[in-house]
Amino acid sequence: MTPAPKVRAALVKVRLVERGEPTYTYKVVETSSYYRVDPMQHEILCLLDGTRTLPEVAEAFNARSLGLTVDVEFLEGYVSNMKETEILEPIAQFIVAPYG
């Protein structure tokens, strides 16, 4: 089963405009860590709700973006990088032991 990444519920998101360009600041409440993301990253993170797989996120993003497209390979790298930021919920990994 393909994991469905999810953004932490305990985030504070603030939209700012700096030098005429929008930017978003995410605060991880548990650690008081701050992260700045651009509008494209924000749109991707909004789609990472734990219900969509990465192929579904790519499809949804590409359907609503204006001229920008992403593929699953890009999203895999992005999600991998986001794991280091604490913005995403940890994905439980199970080890299945052989039966018998």
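# A tour of the chain, strand by strand and helix by helix

Buried residues make up 29% of the 100 residues in the chain. The model is predicted.

**Whole chain.** Start with everything on screen, coloured by secondary structure. The chain holds three helices and three strands. Follow the elements from the N terminus and they run β-β-β-α-α-α. Turn on the surface next. About 7,000 Å² is exposed, and carbon and sulfur atoms supply 53% of that area. Now consider contacts between residues with a separation of 6 or more: 43% of them join residues 24 or more positions apart.

**The sheet.** Select residues 11-18, 21-28 and 33-37, which are E1, E2 and E3. These three strands form an open sheet in the order E1-E2-E3, with antiparallel pairing. The edge strands are E1 and E3, each of which pairs on one side only. Neighbouring strands here are turned by 25° against each other on average, direction ignored. Strands of a sheet pair through backbone hydrogen bonds, either parallel or antiparallel.

**E1 against E2.** Keep E1 and E2 and hide the rest. Their antiparallel pairing runs over eight bridges. Pick out two pairs. Val12 stands opposite Lys27 in E2. Glu18 stands opposite Glu21 in E2.

**The first turn.** Move to the loop between E1 and E2 and select Arg19, which lies there. This hairpin has two residues between the strands. What is the sign of phi at Arg19? Phi is positive, about 55°, although Arg19 is not a glycine. Most residues other than glycine have a negative phi. Is Arg19 buried or exposed? Arg19 is exposed, because its relative accessible area of 87% is over the 50% cut-off.

**E2 against E3.** Bring back E3. E2 and E3 pair in the antiparallel sense over five bridges. Return to Lys27 in E2: its bridge partner in E3 is Tyr34. With Val12 opposite Lys27 as well, this residue is a handy place to centre the view. Then go to the hairpin of E2 and E3, which has four residues between the strands. Select Ser32 there; its phi is positive, near 60°.

**Into the helices: Ile44.** Show H1, residues 39-47. Select Ile44, which lies in this helix. Ile44 counts as buried, because its relative accessibility is 1%, under the 20% cut-off. Which residues does Ile44 contact, leaving aside its neighbours within four places in sequence? They are Phe61, Val70, Phe74, Leu75 and Tyr78. Draw a distance from Ile44 to Leu75. Their C-alpha atoms are separated by 8.6 Å, and the two residues are 31 apart along the chain.

**H2.** Next select residues 54-64, helix H2. Show side chains for its buried residues, Leu54, Val57, Ala58 and Phe61. Look down the axis: these residues fall within an arc of 100°, so they line one face of the helix. Rotate to the other side of H2, where Glu59 and Ala63 are exposed. What covers the buried residues of H2? The cover includes H1 and H3. Phe61 is one of the residues in contact with Ile44.

**H3.** Now select residues 72-83. Helix H3 has 12 residues and reaches 16 Å from its first C-alpha to its last, close to the 16 Å expected at 1.5 Å a residue. Its buried residues are Leu75, Tyr78, Val79 and Met82. They cover an arc of only 100° around the axis, which puts them on the same side of H3. Turn to the other side of H3 and find Glu73 and Lys83, which are exposed. The cover over the buried residues of H3 includes H1 and H2. Leu75 and Tyr78 are among the contacts of Ile44.

**After H3.** Finish with Glu86, in the segment after H3. Phi of Glu86 is near 75°, a positive value in a residue other than glycine. Is Glu86 buried, exposed or partly exposed? Glu86 counts as partly exposed, because its relative accessibility is 27%, between the 20% and 50% cut-offs.

Methods
Residues are numbered from 1 along each chain as its sequence is written. This is a predicted model: local features need pLDDT of at least 70, side-chain atom pairs count only at pLDDT 80 or more; totals for chains, interfaces and linings use all residues. Side-chain values use heavy atoms; hydrogens and water are left out. The expected span of a helix is 1.5 Å times one less than its number of residues. Buried means under 20% relative accessible area, exposed over 50%, partly exposed in between (1.4 Å probe, protein chains only). The arc is that of the directions from the helix axis to the C-beta atoms. Contact means heavy atoms within 4.5 Å. Two strands pair if DSSP finds at least two bridges between them. Axes are lines fitted to C-alpha atoms, for helices over the stretch in contact, and angles run from 0 to 180 degrees between N-to-C directions. Accessible areas come from the Shrake-Rupley method with a 1.4 Å probe; for residues, only the protein chains shown count as cover.
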